[in-house]
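Trainee: Got a minute to walk through a model with me? I'd like to start with how a pair of helices sit against each other.

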Amino acid sequence: QGGNNAGHTVVVDGKEYDFHLFPSGIINPKAISFIALFSHQEVCALSVITKALSLEIIDVWDLKNVFLLWSPTISISLSIAVFDFHQAVDGLQEVQRQAQEGKNIGTTKKGIGPTYSSKAARTGLRICDLLSDFDEFSSRFKNLAQQYKSMFPTLEIDIEGQLKKLKGYAEKIRPMVRDGVYFMYEALHGSPKKILVEGANAALLDIDFGTYPFVTSSNCTVGGVCTGLGVPPQHVGDVYGVVKAYTTRVGIGAFPTEQINEIGDLLQSRGHEWGVTTGRKRRCGWLDLVILKYAHMINGFTALALTKLDILDVLDEIKIGVAYKLGGKRIPYFP
C-alpha cells in the first residue's frame, strides 16, 4: 500500500531482488500477482509502471499474470496517480521543513504525500481518468499542475511534454487494468484460492496510528487490507506480524531503544540495515516490546514471524525494552 516509496529486499535461491512496486510473489510463476496500486491505499508513479513493462523485465517475469488495477466503484474510487510534479513538490516540501523547522520528515521524495493531498482535496486524477477521455484528463491535469505552480513558484513543469508521455503510458497499461473490487470478489467467492496480502512500511508509520508526523501517508496497518482492496473484514483470516529481533527505523522520529554507539553500529553492519529505496543507514536499537504490543493492539496478530535472530549471535548479552516511564511512573502502553 501507499506507493513505490517503500522497498523490500527478497532473496530466493541465492538471488537478491529489491522490490518497490511489485509484490514479492511475482517471483513465483504459479502465483497471480495482483497490484491494487490505484485503490484507496495504493498510488503509484506511472513512470515506474513503464519501467516494469520494459523488455528487460518481461524477460524475467511473465507480466501477463500481473494486473494493474483501478475501479470506478464507490468503495475504491479514490484511485490517484502520482505524477512527476508530485515528486518534485515532495522534495520542495522537505527543503521548506528543513528551513522553517530545522528538521524534515525524511520522506523518500517519491511524491506520495503530495499525491494523497491531491486525493483529499479531490483534485487528484485517477487511472480511469487517464484511460477514458484524454482531452478531459488533459484539462484537469493542467489545472492541477497550475495549482502546484502557484503554491511553489520555483516549480517547473513541462505540461505538454508530460501529457505526451502520459498518453503513451495509458496505451501500455490499458490491457493490464482490471476492476479491482470485482477481481477480488471473484477470487474470494470462486474456486478455492490461497490469498496472501502483502503490505509495506510498518505499524508505527501508519498515517493515523503511527508516530505522527514522522509517518507515511497511508494506512499500513491491517485495516488497509479492507480499505485498500475493497475486501470485507470477515474475509481477513490470519494476520502475521513480521518483527526483527531488534528495532530499526529510517529517518527521524521517536526511538526510545536506539543505540547510538558500537551496539547500534554492530546491528547496522551485521544486519545490512540500509533503506532499500533511499540507501540511507537505518537507525538501530534493542527490541522494543512496548511498540510491538502496540502494533498487536491495532492489528491483532495471529502469529509473529521473528527475523534476524542470528544478527544477535555475537553478543554475550542482549537487552529488551519492556516498559516506558512517564513522569517517573512505569507505563505499559505507548504514550
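Mentor: Sure, and keep in mind that this is a predicted model. Helix H6 (residues 134-151) and helix H7 (residues 159-173) pack at an angle of about 140 degrees. Angles over 145 count as roughly antiparallel and 65 to 115 as roughly perpendicular, so H6 and H7 come out as oblique to each other.

Trainee: How far apart are the axes of H6 and H7?

Mentor: They are 11 Å apart. As for handedness, the crossing of H6 past H7 is right-handed.

Trainee: Which residues in H6 and H7 meet?

Mentor: From H6 you have Phe134, Phe137, Ser138, Phe141, Lys142, Ala145 and Gln146. H7 brings Ile159, Glu160, Gln162, Leu163, Leu166 and Lys167.

Trainee: And what's the split of that contact by class?

Mentor: Seven residues are nonpolar, three are polar and three are charged.

Trainee: OK, switching to sheets. What's the strand order in the open sheet of three strands?

Mentor: The order is E9-E10-E12, and the pairing is mixed. E9 (246-249) and E12 (320-321) are the edge strands, each pairing on one side only.

Trainee: How many bridges are there between E9 and E10?

Mentor: Four, in the antiparallel sense, with E10 covering residues 283-288. In one pairing, Thr248 has Cys284 in E10 as its bridge partner.

Trainee: Which strands does helix H10 touch when packing on the sheet?

Mentor: H10 (residues 262-270) touches E9 and E10, and its direction makes about 100 degrees with that of E10. Helix H11 (residues 289-299) also packs on the sheet, but touches E10 and E12, at about 75 degrees to the direction of E10.

Trainee: Now a single residue. Where does Ile252 lie?

Mentor: In the loop between E9 and H10.

Trainee: Is Ile252 buried, partly exposed or exposed?

Mentor: Its relative accessible area is 32%. Buried means under 20% and exposed means over 50%, so Ile252 is partly exposed.

Trainee: What does Ile252 touch, leaving out residues up to four places away in sequence?

Mentor: Lys103, Asn104, Ile105, Phe214 and Arg283. Take Arg283: Ile252 is 31 residues from Arg283 in sequence, with 8.9 Å between their C-alpha atoms.

Trainee: Last one, zooming out. How many helices and strands does the protein chain have?

Mentor: There are 11 helices and 14 strands. Of the 335 residues in the chain, 44% are buried. And if you take contacts between residues at least 6 apart in sequence, 71% join residues at least 24 apart.

Terms used
Residues are numbered from 1 along each chain as its sequence is written. This is a predicted model: local features need pLDDT of at least 70, side-chain atom pairs count only at pLDDT 80 or more; totals for chains, interfaces and linings use all residues. Side-chain values use heavy atoms; hydrogens and water are left out. Axes are lines fitted to C-alpha atoms, for helices over the stretch in contact, and angles run from 0 to 180 degrees between N-to-C directions. Helices (H or I, at least four residues) and strands (E, at least two) are DSSP runs, numbered from the N terminus. Angles under 35 degrees count as roughly parallel, over 145 as roughly antiparallel, 65 to 115 as roughly perpendicular and the rest as oblique. A crossing is left-handed if the near helix is turned anticlockwise from the far one by less than a right angle, and right-handed if clockwise. Contact means heavy atoms within 4.5 Å. Ala, Val, Leu, Ile, Met, Phe, Trp, Tyr, Cys and Pro count as nonpolar, Asp, Glu, Lys and Arg as charged, and the others, Gly among them, as polar. Two strands pair if DSSP finds at least two bridges between them. Buried means under 20% relative accessible area, exposed over 50%, partly exposed in between (1.4 Å probe, protein chains only).
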